[in-house]
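Colleague: Hi, have you got a minute to walk me through this one? I'd like to start with the ground rules and then go element by element.

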Amino acid sequence: MKVASGQFAVSRSWQENAATCTDLMTRALAGDADLLVLPEAVLARDIADPDLVLKAAQPLDGPFLNEIRAASRGNGLTTIMTVHVPTDNGKALNVLIVIRNGEILARYDKLHLYDAFTMQESRNVTAGDEVPPLVEVAGMQVGLMTCYDVRFPEQARRLALDGAEVLVLPAAWVRGPLKEMHWEVLVTARALENTCYMVAVGDCGPRNIGCSLTVDPLGVAIARAAEAPILLFADLDPARIAHARSVLPVLENRRFARPELISSRKL
């Protein structure tokens, strides 16, 4: 599988962001990518207006995704991103969507909300309550995660045990002391401990670090970005996964049961 990572700075205009996404889709296709991963919350962002994610939320059949779906028709590129979708309770869901040939193949509502480091995502967003599905892309099984999910190893392990060979992570990783180190350590650990590829793609606006990173099943970074917009490519090889799992059979050697989602969001 050839994967493209489309790192960019999300603006407060959904029209501008839709144009950026469709341009990255065109460039990913020109580079023969099978999969394009974009950042988290690509509808709108403004550090001066933390409630914009709620005010700018659109339904899955709204104009933003209609443009993205139209751009995806007639080709085999799979595109993954997250958007905010309004709910009946006055909040939004942070929804990861998988699009191919004009259709939404899968969705995943973010499980772990970023209520940490002085941020409170749950003020505007409702947490999901289902384990994300797997999606097949170019013959490989892809598991879905979003940003803060990377701090919870149970989710990655569950997806690996469900059959994931690749884990994708759209993100908007907030700057702060040691945060770039946290990002690299966590992304690498989730790949290595599950002998999966990890494709983590970040927003690179004024509040977020960018630093998109693709890591192979033995913890080797095979593509990385700095702080600026970029389209990165990497080749993901099933033989590399087979080799990693033969020399490092952690999934076979584990002594703990398959992780299950807690039914209540409150522990």
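Modeller: Sure, here come the ground rules, then the sheet, the helices, a loop residue and the salt bridges.

Modeller: This is a predicted model, so local features need pLDDT of at least 70 and side-chain atom pairs count only at pLDDT 80 or more, while totals for chains, interfaces and linings use all residues. Residues are numbered from 1 along each chain as its sequence is written, and side-chain values use heavy atoms, with hydrogens and water left out.

Colleague: Great. What is the strand order in the open sheet?

Modeller: The order is E7-E8-E9-E10-E11-E12, six strands with mixed pairing. Two strands pair if DSSP finds at least two bridges between them. Strands (E, at least two residues) and helices (H or I, at least four) are DSSP runs, numbered from the N terminus.

Colleague: And which are the edge strands?

Modeller: E7 (134–137) and E12 (221–224), each of which pairs on one side only. From one strand to the next, the twist averages 20°.

Colleague: How many bridges join E7 to E8?

Modeller: Four, and the two strands run antiparallel; E8 covers residues 140–144. Glu-136, for example, has Gln-141 in E8 as its bridge partner.

Colleague: What does H4 touch on the sheet?

Modeller: H4 packs against E7, E8 and E9 (166–171), and its direction makes about 155° with that of E8. Contact means heavy atoms within 4.5 Å. Angles run from 0 to 180 degrees between N-to-C directions, and axes are lines fitted to C-alpha atoms, for helices over the stretch in contact.

Colleague: Where does H5 lie, then?

Modeller: H5 lies across E9, E10 (197–202), E11 (213–215) and E12, at about 30° to E11.

Colleague: At what angle do H4 and H5 pack?

Modeller: About 35°, with the axes 10 Å apart; H4 is residues 153–162 and H5 is 179–194. On the H4 side, Pro-153, Ala-156, Arg-157 and Ala-160 meet Arg-190, Glu-193 and Asn-194 of H5. By class, that contact has three nonpolar, one polar and three charged residues. Ala and Pro are among those counted as nonpolar, Arg and Glu are charged, and Asn falls with the polar ones.

Colleague: Changing topic: is Ala-228 buried or exposed?

Modeller: Neither, since its 36% relative accessibility makes Ala-228 partly exposed. Buried means under 20% relative accessible area, exposed over 50%, and partly exposed in between, with a 1.4 Å probe and protein chains only. Ala-228 sits in the loop between E12 and E13 (230–235). Leaving out residues up to four places away in sequence, Ala-228 touches Gln-7 and Cys-204.

Colleague: Now the salt bridges. How many does the count come to?

Modeller: The count comes to 16, taking a side-chain nitrogen of Lys or Arg within 4 Å of a carboxyl oxygen of Asp or Glu.

Colleague: Which residue pairs with Glu-40?

Modeller: Lys-110, with the closest N and O atoms 2.9 Å apart. Glu-40 is in the loop between E2 (35–37) and H2 (52–55) and Lys-110 in the loop between E5 (103–109) and E6 (125–126), so the pair ties together parts 70 residues apart in sequence. Lys-110 also forms a salt bridge with Glu-121, at 2.9 Å from N to O. Glu-40 and Lys-110 are buried, and Glu-121 is buried too.

Colleague: And what about Arg-158 and Asp-162 in H4?

Modeller: They are four residues apart, so about one helical turn separates them. Their salt bridge has its closest N and O atoms at 3.0 Å. Arg-158 is buried at 12% relative accessible area, whereas Asp-162 is partly exposed at 30%. Both belong to a salt-bridge network with Arg-258 and Glu-260.
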